[in-house]
Amino acid sequence: MKHKRLLIATIIFFLLINTTYFWQGKLGMFVMVTSLLLIVSFIVLTVLLLRQIYISIKEKLIDKQRLIVIAILALTLAIPFFFPGGLINFEKFESESILIAQREGAANCLTTLKLKANKKFNERTVCFGITEITGTYNLKGDTIFFDYDSPSRQENESYKFAIIKNSDPNNKKHKGDLVRFKNNSDTTGIALWIIKNELTK
């Protein structure tokens, strides 16, 4: 079949764009390299699309295979514009997030913690790369205890438990603070701003 290599490249690009939900958070700092490669791939495929259109016009649109390739390539390249996260929002298939808390640090680094209704949690940090950490949690009274799935998580980065502190009633942006502690001797803790809280409903 004509244009076989171009079609294969297009399919690979399509699959990578539409499965970022599954692999993006596992690359850490390397996600920047992958993103750069995807951008370069997008540019190259765009140039190839324009070339195919030019050739097709010169042929007076008589090559049906070329027209099919042009259609497939054009649709694939349109996806990042209209669906940056891919055609399917896979998060909709997960358990509902009943608590969401965030914190913005230096250099616009953002940490988002989501507690799910099925007692699982997901922590996503975007900071010169993307890191995702998962685990389970257990609520005892006003304290949330965490159990990490990732054995490779460094001890000084993990949090053993957290407590919820109510915010100022005049604060319209946040519904309180989720203060996480590394261990029982940690008296300071790190606070995340709660933007959704249905944990006690």
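In this predicted model, the lining of the largest pocket comprises, by class, 13 nonpolar, twelve polar and nine charged residues. The lining residues number 34, and the space within the largest pocket amounts to about 950 Å³. Thr-20, Tyr-21, Phe-22, Arg-124 and Glu-132 are the lining residues that lie nearest the centre of this pocket. Both helices and strands contribute to the lining, since the elements that give two or more residues to it are α1, α2 (20-23), α3, β2 (110-116), β3 and β4 (130-140).

The elements around the pocket belong to a protein chain of four helices and eight strands, which follow one another along the sequence in the pattern α-α-α-α-β-β-β-β-β-β-β-β. Of the 201 residues of the protein chain, 32% count as buried.

Three of the strands named in the pocket lining, β2, β3 and β4, are joined by antiparallel pairing. β2 and β3 pair in the antiparallel sense over six bridges, and Arg-124 in β3 is the bridge partner of Thr-112; Arg-124 is also one of the residues nearest the centre of the largest pocket. The two strands form a hairpin with three residues between them. Lys-119, in the turn of this hairpin, has a positive phi of about 70°, although this residue is not a glycine. With a relative accessible area of 40%, Lys-119 is partly exposed, because the value falls between the limits of 20% for buried and 50% for exposed residues.

On the pairing of β3 with β4, seven bridges join the two strands, which again run antiparallel, and Thr-125 stands opposite Thr-131 in β4. This pair of strands likewise forms a hairpin with three residues between them, and Phe-128 in the turn has a positive phi of about 55°. A further positive phi in a residue other than glycine is found at Lys-60, where the value is about 65°. Lys-60 lies in the loop between α3 and α4 (64-82), and its relative accessibility of 70% is over the 50% limit, so that the residue counts as exposed.

Thr-131 also takes part in a contact between distant parts of the sequence, as Val-31 and Thr-131 are 100 residues apart in sequence but 9.1 Å apart in space, C-alpha to C-alpha. Val-31 lies in helix α3, whereas Thr-131 belongs to strand β4. At 4% relative accessibility, Val-31 counts as buried, because this value is under 20%.

A search of the whole structure for aromatic pairs finds six. One of them is formed by Phe-13 and Phe-42, whose ring centres are 6.4 Å apart and whose planes make an angle of 40°, a tilted arrangement. This pair links distant parts of the chain, with Phe-13 in helix α1 (residues 4-18) and Phe-42 in helix α3 (residues 31-58), 29 residues apart. Phe-13 has a relative accessibility of 4% and therefore counts as buried, the limit being 20%. Together with Phe-81, Phe-13 and Phe-42 form one aromatic cluster.

Phe-121 and Tyr-148 form a pair in which the ring centres are 5.5 Å apart and the planes stand at 90°; this angle is over 60 degrees, so the pair is edge-to-face. Phe-121 lies in strand β3 (residues 120-126) and Tyr-148 in strand β5 (residues 143-148), so that the pair ties together parts that are 27 residues apart in sequence. Phe-121 counts as buried because its relative accessibility, 3%, is under 20%, and Tyr-148, with a relative accessible area of 18%, is buried by the limit of 20% as well.

Charged side chains are also placed over aromatic rings. The charged end of Lys-140 sits over the ring of Phe-145, at 5.7 Å from its centre, while Arg-180 lies over the face of Tyr-159, at 4.1 Å from the ring centre.

Definitions and conventions. Residues are numbered from 1 along each chain as its sequence is written. This is a predicted model: local features need pLDDT of at least 70, side-chain atom pairs count only at pLDDT 80 or more; totals for chains, interfaces and linings use all residues. Side-chain values use heavy atoms; hydrogens and water are left out. Rings of Phe, Tyr and Trp (its six-membered ring) pair if their centres lie within 6.5 Å; planes under 30 degrees apart count as stacked, over 60 as edge-to-face and the rest as tilted. Buried means under 20% relative accessible area, exposed over 50%, partly exposed in between (1.4 Å probe, protein chains only). A charge sits over a ring if NZ of Lys or CZ of Arg is within 6 Å of the ring centre and within 35 degrees of the ring normal. On a 1 Å grid over the protein atoms alone, a cavity is a set of points where a 1.4 Å probe fits but cannot get out, and a pocket is an open set with protein on both sides within 12 Å along at least five of seven lines; lining residues have an atom within 4 Å of a point. Grid points are joined across faces, edges and corners, and a volume is the space filled by probe spheres set on the points. Ala, Val, Leu, Ile, Met, Phe, Trp, Tyr, Cys and Pro count as nonpolar, Asp, Glu, Lys and Arg as charged, and the others, Gly among them, as polar. Two strands pair if DSSP finds at least two bridges between them.
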